[in-house]
Amino acid sequence: MEMKKAVETDGSIVMDMLRDTALWLKGKGSSQWGDVLEGTDKHNLLGAVQRGDVYLFSEGEEIVGMAAVWNTPSEWDQELWQDFGFPENAYYIHRLIVHPNYRGQNYGSRMLTAIKAYFSETADELRLDCISTNPNLLSLYRGNSFVNKGTVEESKGGRFVLFSYPINQ
């Protein structure tokens, strides 16, 4: 599997995958990523693509997934991680998505492994959050050696589990 930075011409691929996943989650009864379906994106993925913070994962010519990973904590990260501080070399993973055609084939774990390897020279810690009502994602992160740092409630009342993967500590 190859991991490469998305470029501006990949913006429609990124946004289509995000919207399709938000619709899929809604169909499963989840409100996760509901902001996308309301016409907003609290993580501003198009801006993240422009900054070079979105990565596409592919097998040959087929895109199997994507993730955003950045070093500067967003407002969202600042709200959720405020009790843990903001180390200089902490990176934040958001919008980890496996393309619908490749779900159930271990790509989520493979993508996390690729992210860990890619950032092993620059990051001391990888951080991510997960809505507390998604047991499959909670299991994915635990199964990939991310450490549960606790559960926090964000300003709109949602509960999120915080996970950390220490790299160079």
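**Notebook: aromatic pairs, cores, pocket, odd phi values**

I looked up Y91 and F119 and found that both are buried. The model is predicted, and I treat every value below as computed from it.

**Aromatic pairs.** I counted the ring pairs and got 10 aromatic pairs. I then took the pair of Y91 and F119: the ring centres are 5.0 Å apart and the planes stand at 45°, so I entered the pair as tilted. To place the two rings, I checked the elements. Y91 is in strand β4 and F119 is in the loop between α5 and β5, so this pair ties together parts 28 residues apart in sequence. I followed the ring pairs outward and noted a cluster made of Y55, Y91, Y118 and F119.

**Nonpolar cores.** I went next to the largest nonpolar core, which has 28 residues; those that touch the most other members are I115, F119, L126 and Y141. I listed the elements that each supply at least two residues of this core: β2 (54-59), β3 (62-70), β4, α5, β5, α6 and β7 (159-166). I also noted a second, separate core of 26 residues, with L45, A48, A68 and A90 among its members.

**L126.** Which residues does L126 touch beyond four places away in sequence? I recorded Y91, I93, I115, K116, F119, F146, F163, S164, Y165 and I167. F119 and Y91, the tilted pair from above, are thus both on the list for L126.

**F146.** I looked up F146 because it had appeared among the contacts of L126, and I found F146 in the loop between α6 and β6. Is F146 buried or exposed? Its relative accessibility is 4%, so I put F146 down as buried, the cut-off being under 20%. Leaving out neighbours within four places in sequence, I found F146 in contact with I93, L112, K116, L126, L128, Y141, F163, S164 and Y165. I also took the C-alpha separation of F146 and V64, which is 22 Å for residues 82 apart in sequence.

**Positive phi.** I searched for residues other than glycine with a positive phi. Most residues other than glycine have a negative phi. N106 has a phi near 70° and sits in the loop between β4 and α5. S145 has a positive phi of about 70° as well, and I located S145 in the loop between α6 and β6 (147-153). S145 has 48% relative accessibility, so I noted it as partly exposed.

**G47.** I placed G47 in helix α3 (residues 45-51). Its relative accessible area is 11%, so I entered G47 as buried. I checked G47 against E8: the two are 39 residues apart along the chain, and their C-alpha atoms are separated by 9.3 Å.

**Largest pocket.** I noted a volume of about 1,300 Å³ for the largest pocket. Its lining has 49 residues, and those nearest the centre are L25, Q32, W33, N134 and L137. I listed the elements that give two or more residues to this lining: α1 (11-27), α2 (34-37), α4 (75-81), β4 (90-98), α5 (107-118), β5 (125-131) and α6 (135-143). Which element gives the largest share of the lining? I found that β4 does, with 6 residues. I sorted the lining by residue type and got 18 nonpolar, 20 polar and 11 charged.

Technical notes. Residues numbered from 1 in each chain as written. Predicted model: local features only at pLDDT ≥ 70, side-chain atom pairs only at ≥ 80, totals over all residues. Heavy atoms only, no water. 1 Å grid on protein atoms, 1.4 Å probe; cavity = no way out; pocket = protein on both sides within 12 Å on 5 of 7 lines; lining within 4 Å. Points joined across faces, edges and corners; volume = space filled by probe spheres on them. Helix = DSSP H or I, 4+ residues; strand = E, 2+ residues; numbered from the N terminus. Nonpolar A, V, L, I, M, F, W, Y, C, P; charged D, E, K, R; others polar. Buried < 20%, exposed > 50% of the residue type's maximum accessible area, 1.4 Å probe, protein only. Core = buried A, V, L, I, M, F, W, Y, C linked by side-chain atoms within 4.5 Å. Contact = heavy atoms within 4.5 Å. Phe/Tyr/Trp six-rings, centres within 6.5 Å; stacked < 30°, edge-to-face > 60°.
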